[in-house]
Amino acid sequence: MEKAAVLLSAVVAAMSLTAEETALKTAFDGKFWVGAALNERQIMGRNPEERKLIADQFNSITAENCMKPGSLQPREGEFNWRMADRFVDFGVENKMKVIGHCLVWHSQLPRWMNEKLKGQCTRDEAVDIMKRHVQTVVGHFKGRVKGWDVVNEAIEENGSLRRTVWLNTIGEDYLLLAFRFAHDADPEAELYYNEYNTENPRKADRMVKLVKDLRAAGLRIDALGMQTHVRLDHPRLGAYAASMRKFAEAGVKLMVTELDVSVLPAAWRMSADVSRNIAYDAKLNPWPDGKLPESVQKRLSDRYAELFRLFLEYSSSLDRVTFWGVSDRDSWLNNFPVRGRTDYPLPFDRSLHPKPLVKTIEELL
Ligand code: XIL
């Protein structure tokens, strides 16, 4: 009898523990979608526990890599849909908002495309390459992918257009063309422009100008994506918020598209230029064993709290908040901009348990 009572109370304790935990998507329901970027292992569903965690916690997904041009069109005219189809099927099955990332970028291009665009390529040929890629990809996922990062990272820190293969071959109107081709292939799909370091006012102003240029040309843009690869102390929240205000005033929706908070020492000041890599140094990797000191864990929760307070304040304009990954184990920040570090930027720890920050942000509601 006594044994049964002990057992019963243990069962009740376990049940109330899970009942106490609220899924992220449930906590922010009615405010914004909560998403995660998925890598290939997660898309293949190799770990059922993780698969369940993703379906339980998130109602939007973005492909971390498998929809980039290098993955989708490895050889000219030959498209490889295998991984991306599985990714989209998973989202559709779970009634998630599926995001396509990304159509036109200067990074992770297939070698043939990069070589053609860097060689003796005429403007018409370059437009043709872009048109065929964008229309084939958007057409393939028509009706299943809800929105596309049409152009990714086209603006420099000084507010000028980045000198990419697209700008060099086509000229400034490549941005307008990309949005036109995407719209033509699926008029129902939402279209976004996505950028990092959006707190930089010169970048933010240029993004607003892009919105105006698109509209002046009779084209549609639905949202500006703020990647939001941030650190504990950079950027200042005020600067980040000022850009949010600017974007909201431009009359587009806002999306936080790639959220993570690095706790590691900065290897340089600016965040997400994927072409850069810095040499490993133990000083840059203070907590290599996967255990974060409590004081830092607390700072991480506080940083997440100030960000989510702002997100909630803007929830009438903010459509979605997507984390760039699920657990710390898989974060790209473990290898960027320095290879082989141990970072702690995401809501779930290396054993897939929710970190204290999850409770902190849910309690803001
Ligand atoms: C990153 C992925 O997370 C890595 O796995 C890959 O090696 C490089 O790209 N901005 C973006 C994302 O728009 O596509 C990048 O993703 C991170 C920075």
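Which of the 14 residues around the ligand come nearest? In this model, which I should say at once is a predicted one, the residues that come nearest are Glu64, Lys68, His101, Glu258 and Trp324.

Let me stay with the ligand and go through its polar contacts, beginning with two residues from that list. Lys68 places a polar side-chain atom 2.8 Å from an oxygen atom of the ligand, and for Glu258 the distance between an N or O atom of the side chain and a ligand oxygen atom is 2.8 Å. Asn152 also takes part, since an N or O atom in the side chain of Asn152 lies 2.9 Å from an oxygen atom of the ligand. As for cover, the ligand on its own has 410 Å² of accessible area, and the protein covers 83% of that. If we sort the shell around the ligand by residue class, we find four nonpolar, six polar and four charged residues.

I would now like to turn from the ligand to the cavities. Searching the whole structure gives four cavities of 30 Å³ or more, and the one I will describe here is the second largest, with a volume of about 60 Å³. The second largest cavity is lined by 12 residues, and those closest to its centre are Asn197, Thr198, Glu199, Thr228 and His229. How does the lining of this second largest cavity divide by class, or, put as a count, how many residues are nonpolar, polar and charged? The lining has four nonpolar residues, six polar ones and two charged ones, which can be set beside the four nonpolar, six polar and four charged residues of the ligand shell.

Note on methods
Residues numbered from 1 in each chain as written. Predicted model: local features only at pLDDT ≥ 70, side-chain atom pairs only at ≥ 80, totals over all residues. Heavy atoms only, no water. Near = heavy atom within 4 Å. Polar contact = N/O pair within 3.5 Å; in protein donor to acceptor, adjacent residues only side chain to side chain. Areas by Shrake-Rupley, 256 points an atom, 1.4 Å probe, with all protein chains shown as cover. Nonpolar A, V, L, I, M, F, W, Y, C, P; charged D, E, K, R; others polar. 1 Å grid on protein atoms, 1.4 Å probe; cavity = no way out; pocket = protein on both sides within 12 Å on 5 of 7 lines; lining within 4 Å. Points joined across faces, edges and corners; volume = space filled by probe spheres on them.
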